[in-house]
Amino acid sequence: MDVQRGSRGGDRDEATMIASILAGETQLYHELIRPHERSVYMMALSYMKNEADAEDVAQEAFLKAFRALANFRAEAKFGTWLISITLNEARNRLRRKAAVPMESLDVPDDEPGAVSPALLRDWREVPSEALERGEVRSLIASAVEALPEIYRCVFVLRDMEEMSVNETAEALSLSVPAVKVRLHRARMMLQKQLAPQLRAVVPAEKKRRWFPW
Amino acid sequence: MVIECKHVWNHISGYLDGTLTAEEQVMIQTHLEHCEICSAILDSARNILVLTADDRVFELPVGFSERLHARLAAELGTVAGDTPPSPM
Ligand SMILES: [Zn+2]
């Protein structure tokens, strides 16, 4: 995992690299973006819902970031700036294609309390070996993709790409409390959907081999 | 202090992330020790996080990085005007 949760490491290197790139050492851009390739692609995929479009959006976002690098402000994190460029690129494309109706960002329905998790007395452990099964991976992938946009983008950045709450808030231009509430709802929605599905596909005799708490 | 399960559910994310106040933390912890349902929900939520954070669930397409850097090399060469695209 390239973006460590809450880590500030590498910022100085990034700032130095960006200065050098702007001074003409453009080849350094390849190194600058390597740690961010996955999170940019995942963000693009969570919007575009297919690999080809997601790859296109990711490439375009990296190109746009390069062209706009002089506008990057050092007080921001490069990674979160990249994500916001990716998000704009993905949304613009969806708008142009009009293939997917855009969900309004103004109806967050953010009250806590509104989500009640499934009651799962008998489901506690799913072995991580379950991920060797394509069936399990695709259940999880579909559940993440099916989250409403406002929850999905928060979940992708914070829980899948392991950005901090603050970085997620910055990348999505949201408040920290909004990120926390959406994250909680996303997690509860996923649990409610996935727990019964996983219980159905994961063999019972394997259930207690993982997480002995 | 006795709290309802429903109240605990609203704090599950905070509990997992360690962002609750000390008082909330104790309250939730005490409830979890006695409530099978809430501790099962907590474990389920934690498992979902572990599974979704696994890079195997969403993989980068084969050759993604190579194609990206090839395109960038072409672009950077053009924009900078001084460095020919490097063969990736
Ligand atoms: Zn309870």
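Here are some notes on this predicted model, for someone opening it for the first time.

1. **The zinc ion.** A good place to begin is the metal site in chain B. The protein donors of the zinc ion are three cysteine sulfurs and one histidine nitrogen: B:C5 (SG), B:C35 (SG), B:C38 (SG) and B:H31 (NE2). These atoms sit 2.0 to 2.4 Å from the ion. The site is tetrahedral, with angles of 102 to 114 degrees among its 4 donor atoms. If you want to find the donors in the sequence, look for the spacing C-x25-H-x3-C-x2-C along the chain.

2. **How covered are the donors?** Two of them can be described here. B:H31 counts as buried because its relative accessibility is 13%, and the cut-off for buried is under 20%. B:C38 is buried too, with a relative accessible area of 1%.

3. **A leucine beside the site.** B:L32 belongs to helix α3 of chain B, which covers residues 22-34. B:L32 is buried, at 10% relative accessible area. What does B:L32 touch, leaving aside its neighbours within four places in sequence? The contacts are B:Y15, B:C38, B:S39 and B:L42, and B:C38 is one of the zinc donors. As for another donor, B:C5, the C-alpha of B:L32 is 9.2 Å from that of B:C5, although the two residues are 27 apart in sequence.

4. **A salt bridge between chains.** Across all chains the count comes to 18 salt bridges. One of them joins the side chains of B:D55 and A:R38, at 3.2 Å from N to O. This pair crosses between chains: B:D55 is in the loop between α4 (36-52) and α5 (64-80) of chain B, while A:R38 is in helix α3 (residues 37-48) of chain A. Side chains of opposite charge can pair when their charged atoms come close. The two partners differ in exposure, as B:D55 is partly exposed at 30% relative accessibility, whereas A:R38 counts as buried at 12%.

5. **A histidine facing the other chain.** A:H30 lies in helix α2 (residues 28-33) of chain A. Is A:H30 buried or exposed? At 5% relative accessibility, A:H30 counts as buried. Setting aside neighbours within four places in sequence, A:H30 is in contact with B:H69, B:L72, B:A73 and B:L76.

6. **A charged network in chain A.** Which residues are linked in a network of salt bridges? They are A:D56, A:K64, A:E89 and A:R93. The side chains of A:E89 and A:K64 meet at 2.6 Å, N to O. That pair links distant parts of the chain, with A:E89 in helix α5 (residues 78-97) and A:K64 in helix α4 (residues 51-67), 25 residues apart. A:E89 is buried, with just 3% relative accessible area, while A:K64 is partly exposed at 36%.

7. **The local half of that network.** A:E89 also forms a salt bridge with A:R93, at 3.1 Å from N to O. These two are 4 residues apart in helix α5 of chain A, so they are separated by about one helical turn. An α-helix has 3.6 residues a turn, so residues three or four places apart point the same way. A:R93 counts as buried, at 14% relative accessibility.

8. **A helix on the inside.** Helix α7 of chain A (residues 149-160) deserves a look, because 12 of its 12 residues are buried and it is largely enclosed by the rest of the structure. Charged residues are among the buried ones, including A:E149, A:R152, A:R158 and A:D159. They share the helix with buried residues including A:I150, A:V154, A:F155 and A:L157. After α7(A) comes A:E162, whose phi is positive, near 60 degrees.

9. **The largest pocket.** How much space lies in the largest pocket? The figure is about 360 Å³. Its lining has 18 residues, and those nearest the centre are A:K180, A:V181, B:N10, B:G14 and B:T19. The elements that give two or more residues to the lining are α9 (176-201) of chain A and α2 (12-17) of chain B. With 7 residues, α9(A) gives the most.

Methods: Residues are numbered from 1 along each chain as its sequence is written. Chains are lettered from A and ligands numbered from 1 in the order in which they are written. This is a predicted model: local features need pLDDT of at least 70, side-chain atom pairs count only at pLDDT 80 or more; totals for chains, interfaces and linings use all residues. Side-chain values use heavy atoms; hydrogens and water are left out. Donors are N, O and S atoms within 2.8 Å of the metal (3.2 Å for Na, K and Ca); water is not among the atoms, so sites may look incomplete. Four donors count as tetrahedral if all angles lie between 85 and 135 degrees; four count as square planar and six as octahedral if opposite donors are over 155 degrees apart and all others between 65 and 115; anything else is irregular. Buried means under 20% relative accessible area, exposed over 50%, partly exposed in between (1.4 Å probe, protein chains only). A salt bridge is a side-chain nitrogen of Lys or Arg within 4 Å of a carboxyl oxygen of Asp or Glu. Contact means heavy atoms within 4.5 Å. On a 1 Å grid over the protein atoms alone, a cavity is a set of points where a 1.4 Å probe fits but cannot get out, and a pocket is an open set with protein on both sides within 12 Å along at least five of seven lines; lining residues have an atom within 4 Å of a point. Grid points are joined across faces, edges and corners, and a volume is the space filled by probe spheres set on the points.
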